[in-house]
Amino acid sequence: MPLHLTPELEQRLEQVAAQTGRAREELAHEVLDRFLTEQEEILAAIKEGDDDIAAGRVLAHEEVVARFEKRFSKA
């Protein structure tokens, strides 16, 4: 899959590759892998929250505040 970078991104990638002695393609692959992993984790957390809401596992704002206050007052 061809990837077209802006001149600025291409220059930054080239600089980091030169400074680290790594191939540009290796760096690009690593960055994309990290980004996709992060996005998958975010989407999983959102789905978990949506599932909790759908199942009725929710707390009123006041209850959340009370729990935090109780927890931090002990500290």
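A salt bridge here is a side-chain nitrogen of Lys or Arg within 4 Å of a carboxyl oxygen of Asp or Glu. By that criterion, a search of the whole structure, which is a predicted model, finds eight salt bridges. One of them joins the side chains of E10 and R24, with an N to O distance of 3.5 Å. E10 belongs to helix α1 and R24 to helix α2, so this pair ties together parts that are 14 residues apart in sequence.

**Helix packing**

The axes of α1 and α2 lie 9 Å apart and make an angle of about 110 degrees. Angles of 65 to 115 degrees count as roughly perpendicular, and α1 and α2 are therefore roughly perpendicular to each other. On the α1 side, the contact is made by E10, L13, E14, V16, A17 and T20; on the α2 side, by R24, L27 and A28. The class make-up of this contact is given in the table, next to that of the largest pocket.

| Residue set | Nonpolar | Polar | Charged |
|---|---|---|---|
| Contact of α1 with α2 | five residues | one residue | three residues |
| Lining of the largest pocket | 11 residues | one residue | seven residues |

**Largest pocket**

The largest pocket holds about 690 Å³ of space. It is lined by 19 residues, of which L3, L13, L27, A28 and H29 are the closest to its centre. Two elements, α1 (7–20) and α2 (24–54), each give two or more residues to this lining. The biggest share comes from α2, with 11 residues. L13, L27 and A28, listed among the residues closest to the pocket centre, also take part in the contact between α1 and α2.

How values were computed
Residues are numbered from 1 along each chain as its sequence is written. This is a predicted model: local features need pLDDT of at least 70, side-chain atom pairs count only at pLDDT 80 or more; totals for chains, interfaces and linings use all residues. Side-chain values use heavy atoms; hydrogens and water are left out. On a 1 Å grid over the protein atoms alone, a cavity is a set of points where a 1.4 Å probe fits but cannot get out, and a pocket is an open set with protein on both sides within 12 Å along at least five of seven lines; lining residues have an atom within 4 Å of a point. Grid points are joined across faces, edges and corners, and a volume is the space filled by probe spheres set on the points. Helices (H or I, at least four residues) and strands (E, at least two) are DSSP runs, numbered from the N terminus. Ala, Val, Leu, Ile, Met, Phe, Trp, Tyr, Cys and Pro count as nonpolar, Asp, Glu, Lys and Arg as charged, and the others, Gly among them, as polar. Axes are lines fitted to C-alpha atoms, for helices over the stretch in contact, and angles run from 0 to 180 degrees between N-to-C directions. Angles under 35 degrees count as roughly parallel, over 145 as roughly antiparallel, 65 to 115 as roughly perpendicular and the rest as oblique. Contact means heavy atoms within 4.5 Å.
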